[in-house]
Amino acid sequence: MHITIVLAYENARDEYRLWAHEEEKINFRKEKERATRCTVSYAALEMENYLTKLGFSACVSDKAGEDFNIFLTITKDEAGEEFTIATADNSLTIDGNGRVGVLYGVYEFLEKQGVYWLNPWEEIVPEGNGKLIMPEARHYRASFPHDRGYSLEGELKESALLWKWMARKKLNAVPCRPNKAKLQQKLGFVFVQGGHVFEEMLAVDAVLPSGATIWEEHPEWYGLPPSGKREKHKAQHVGFCVSQDSLLEYISEKLVERLNAEWYEVDGIVLWGFDTWGGICTCDACKKLGNGSDHTLRLNSYIRDYLDRAFADGRLDRHITISFSSYEGTSDLQPPENPVPENLRGSRDNGTYCPINRCYVHAIDDPECDHNRHYYECLAGWKNVNMRINEYYNVSKFEDLPFLFTRTMAHDFRRYHELGATGMVYMHLPMVHWDVKNLTQILYAELCWNVDADVEEILAKYFENRYGSHAAAIRKVYELMEEAGKYCANWRAWSPYSILSKLLSWDGCKPETELERESHLGEHAAEIGMESVRLYEEAIAILQKELLNAEEAYVCGMGRVSGGAGVNPAEQIMLAKTDPVVEHLRLDLNYANYGRDCMEMITLFVMYHEALRAEQETDELFARIDALAQKMMGYYVSIRYENYAVELHCYDALMRCQLKTLYYRCRAYRELVK
C-alpha cells in the first residue's frame, strides 16, 4: 500500500523538506503563516520517515494519491493543540486547531502504529505488517490544557533530542534555551521563565539609579517581621511589603525590562516570593490585606495591570501570562481570605500549587494522611483562578535516587484534575541517566495528556519495550524498589521534620534529646529503614541474575567480531555501545546499589544517634558507618549543578546523599572523647 501525506501548500511535494527545517529563518511571533507551514511540514516529514521505517511506501504531496491518503489540515488557524481524527475507506484526516494540533495528531497516529519513544535517546519501531492501525476517530484535547512540562535545574539543557521527545509525548512547557529556541518554537513549546526571581531583584545591596542601594533608600520595601524591627542581614527573611506601591512599580518595571531583554522569547513568567519560609510583612497596611495568599494576589494583580498597560503602550510586543505561587515556603499555600482580584480571574494566568512536603506513601486526598490532607484541603479552597500543580518527583533532596510513584501518580492526577487544575509541572527533570525513573517520565507524560489513560497498558508497554524478555522479572524489581522508597519524602523532604533535615542539623556530638522524627516513621524509623535496605537487596539480586543472563545471550549472539576503532568521534560512540537491554539492566543495577547504600547510611545514622544518646556501645555501629562511608566515597553518581550557572560537579555517593559532613562530624567527636 502506498500512502500519500497531503498538505494544503502548493509545491509541497518539492519543498516540504525545506519548509520543515527553516525554523532558524522564522520569527514565530510575527510570521504566523510561515511558522504554521514549518511545523505542519515537519509533522508530514515525521510521518513519512516513521511510515518508511514501519515498511510502508510513503510520500508527501499537495495532491491526493490513488491508494491511501492522510490529510494534514488546519480548521482554525490558532496556536492550539487540540486535533480531530476522522477516517474514511481510503483516507484519514488529522485536523488541528493550530499547527501544534497537527503535530500532536501525527504523533498520536504513529503511537497507534506501535512507535514507542522510550526516552530522548531510544525509540522502538516495530516491524511493519503492511497494515495501518486506525486510531479512534474523535476529538483529542489535553486533560491539562495549559503548561505540561518540567522545571529544569541549571542552564545547560540544550538537547534537541529532549525537546523532540517531549513534543512526541505532547508536553508543551519549557524554559527557553537560546541555542535551541527556534526548534522549541517549531515544536510548539510555551516558554515559561522565572521562579524565585525576587531574591536577586530585591538584593539589599542592589544599586538604584540614585546611586544608593535598595536598603539605603527604601528599607520600608522589606517586610516588617513580628519583632517590629527591620534588619539588613535579615531583610529577606520575611516576604516584602506588598502594600508599597512604589515597590510594586519598581518590580513591575524590572520585569518589563527583562521581558524585553534576556526574556524576550518568553511567553509566561513564574513569580514566586522569597523562598525563606519566613512569613509575611506585619506592617499595619499589610495586615489589612489578609493572609499570605492575599498578599501574593495583590502583588500579581498589580503586575498583571502593569504588563497590560505596557502592552497597550507598545513597550511590550506580546501578551505575557503570569503564574504566581501557592507554596508554604513563601507563605501563600492557604487559599486567600478575600476574593481573587478580577484581572486574575478567567484568564490563562494561574497559581502554581506546590505540595513540596507531601507524602508519597499515601494518595494526595487520603484523609488518613496528616501531610496530604492539609495540602488537598488547601488546594480545594482555591476558587475562581486557574491552578497548575508543581509536583516533586525528583526534588533536589532526592538526589536522583531510584524512587518510583506508580501507585499514587494516576490517582493524584485525577484528583488534581477534578479540582480544576489546568497544568502540571514537576521538579526536576533528571540530570543525566533516567534509569528506573524513565518510567516516571513516561507515566507523567501520558497522564498529563490524558488523566484517564490505562495505567496497566502504559506499564506493560514500558516493560516490554525497555526490557524485552526480561520484562516480568524487572517489573518485580520496580515493585520492590518502589516499596523500598515509598517513604522517600518522610526521609528526605525539605521539611524541617524529615529525617535528613534533622540529621543535617545534628553536630555529631552526644545528643541530649531523642531524634525528632516525622509522624509517618516515628519510633519505627530504623526498622522501616532496614526493611527498605532488604527490599533493595532483593531487587539487586534479581537484577544481577537478569543481567548475567542478558550478557550471556548478548555474547553468544555476537559470534566472531572484528575490532574497529571508528574513524570519527560519532562512529566511536556507536561502536562503543552494546546491547540496549544489557545497558538498561546495568544502569538499573548501579542505581539500585546507590539506593541501597543511601538508605542504609541514613538508617545507620538514626540508629547511631539514638545509641549515642542512650550511652550504649557504639563502636560496632560506627564501624559499619565508616565502612559504608568509605565504600560510597569510592564511586560517583551522575553529575549535578552546584548552582544555576553552567558549572557542573561530579560528587561521590556519600557527598551526593548529603551525609558526608555528618560522617566527619561524628568521627571528630569520637576522636575528641577517646
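**Internal cavities of the predicted model**

Good morning. About 200 Å³ of space lies in the largest cavity of this structure, which is a predicted model. The lining of that cavity is made up of 23 residues, and those closest to the centre are G239, F240, G273, T296 and T330.

Let me turn to where this lining comes from. Helix α10, which spans residues 292-312, provides the largest share, namely five residues. As for chemical class, 12 of the lining residues of the largest cavity are polar, 10 are nonpolar and one is charged.

I should place this cavity in context. In total, the structure contains six cavities of 30 Å³ or more.

I now move to the second largest cavity, which encloses about 100 Å³ of space. Here the lining consists of 14 residues, and L401, F403, R492, C598 and M599 are the closest to the centre.

Which helices each supply at least two residues of this second lining? They are α16 (488-492), α18 (525-558) and α20 (580-613). Of these, α20 gives the largest share of the lining, with four residues.

The class composition of the second largest cavity is as follows: 10 nonpolar residues, three polar residues and one charged residue form its lining.

To close, I set the two linings side by side. For the largest cavity, the division is 10 nonpolar, 12 polar and one charged; for the second largest, the division is 10 nonpolar, three polar and one charged. The helix with the largest share is α10 in the former and α20 in the latter. Thank you.

Notes. Residues numbered from 1 in each chain as written. Predicted model: local features only at pLDDT ≥ 70, side-chain atom pairs only at ≥ 80, totals over all residues. Heavy atoms only, no water. 1 Å grid on protein atoms, 1.4 Å probe; cavity = no way out; pocket = protein on both sides within 12 Å on 5 of 7 lines; lining within 4 Å. Points joined across faces, edges and corners; volume = space filled by probe spheres on them. Nonpolar A, V, L, I, M, F, W, Y, C, P; charged D, E, K, R; others polar.
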